[in-house]
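Here is a short briefing on one protein chain. Look at the fold first, then at the charged pairs and the surface patches.

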Amino acid sequence: MWSFMTPCVIIDVCVLDNETFYLAEQEIQGLKRKIKLLEDDLDRAEKGAEDSKQDQSVIDELEAENKALKNQITVLNGEIDRVQIKQQDANELSQIITQLETEKSTLNNKIATLESDLEKAEELADANERKFKDLQSQLEDI
């Protein structure tokens, strides 16, 4: 296989002619492309894993926020319950105040009536006292 006419390459004591060398180079190039594709796939897989870790971190953060929001909702529901109780108390107080105002108005009317009756009674008493004095004076004259 030694030939001085065709160029050849010696690899580990093997002699390759140009065609065999060309085919070997083609195969090496193909393997390099496959290696590159596998490296790209590995990079994408690593990026995907990194994205998954980031996604999991985001999910964990969202779950923590969700839990915090649920706690806030629980607290707010308690506040709402307290406000509703206070509102009921206020409504009851409002009804009591309305009843008391009605009673006050009724009592004021009664007081006004009594004051009017008192004035009439005082006027009547004054008139009767004058009559009494007149009659007494007439009796003394007799």
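The points below go from the overall fold to single side chains.

This is a predicted model. The protein has one helix and two strands. From the N terminus, the order is β-β-α. Helix H1 covers residues 18-141.

**Fold and surface**

- The protein has 142 residues, and 1% of them count as buried.
- About 13,300 Å² of the protein is exposed.
- Carbon and sulfur atoms supply 58% of that area.

**Salt bridges**

How many salt bridges does the structure hold? There are five. Three of them are described here, one pair at a time.

*Asp40 and Lys36*

- The side chains of Lys36 and Asp40 meet in a salt bridge, at 3.1 Å from N to O.
- Both residues sit in helix H1, four residues apart, so about one helical turn separates them.
- Asp40 has a relative accessibility of 22%, so it counts as partly exposed. The cut-off for buried is under 20%.
- Lys36 is also partly exposed, because its relative accessibility is 46%.

*Arg44 and Asp41*

- A salt bridge joins Asp41 to Arg44, with the closest N and O atoms 2.2 Å apart.
- Why are Arg44 and Asp41 separated by about one helical turn? They are three residues apart in helix H1.
- Is Arg44 buried or exposed? Arg44 is exposed, because its relative accessible area is 54%. The cut-off for exposed is over 50%.
- Asp41 has a relative accessible area of 38%, so this residue is partly exposed.

*Glu79 and Arg82*

- Glu79 pairs with Arg82 in a salt bridge, and their closest N and O atoms are 2.4 Å apart.
- The two residues lie in helix H1. Their spacing is three residues, about one turn of the helix.
- Glu79 is partly exposed because its relative accessible area is 37%.
- Arg82 has 44% relative accessibility, so Arg82 counts as partly exposed.

**Nonpolar patch**

- Which residues form the nonpolar patch on the surface? They are Leu93, Ile96, Ile97 and Leu100.
- Together these side chains account for about 370 Å² of accessible area.
- Ile96 lies in helix H1.
- Ile96 counts as partly exposed, because its relative accessibility is 42%. Patch members need over 30% relative accessible area, and Ile96 at 42% meets that cut-off.

**Negative patch**

- A second patch on the surface is negative. Its members are Glu115, Glu119, Glu122, Glu123 and Asp126.
- Asp126 is located in helix H1.
- With 41% relative accessibility, Asp126 counts as partly exposed.

**Points to recall**

- The secondary structure comes to one helix and two strands, and 1% of the residues count as buried.
- Asp40 with Lys36, Arg44 with Asp41 and Glu79 with Arg82 are salt-bridge pairs.
- The surface carries a nonpolar patch that includes Ile96 and a negative patch that includes Asp126.

Technical notes
Residues are numbered from 1 along each chain as its sequence is written. This is a predicted model: local features need pLDDT of at least 70, side-chain atom pairs count only at pLDDT 80 or more; totals for chains, interfaces and linings use all residues. Side-chain values use heavy atoms; hydrogens and water are left out. Patches are made of residues with over 30% relative accessible area and no salt bridge: like charges are joined within 9 Å, nonpolar side chains (Val, Leu, Ile, Met, Phe, Trp, Tyr) within 5 Å. Accessible areas come from the Shrake-Rupley method with a 1.4 Å probe; for residues, only the protein chains shown count as cover. A salt bridge is a side-chain nitrogen of Lys or Arg within 4 Å of a carboxyl oxygen of Asp or Glu. Lys and Arg count as positive and Asp and Glu as negative; His and the chain ends are not counted. The place of a charge is taken as NZ of Lys, CZ of Arg, CG of Asp or CD of Glu. Buried means under 20% relative accessible area, exposed over 50%, partly exposed in between (1.4 Å probe, protein chains only).
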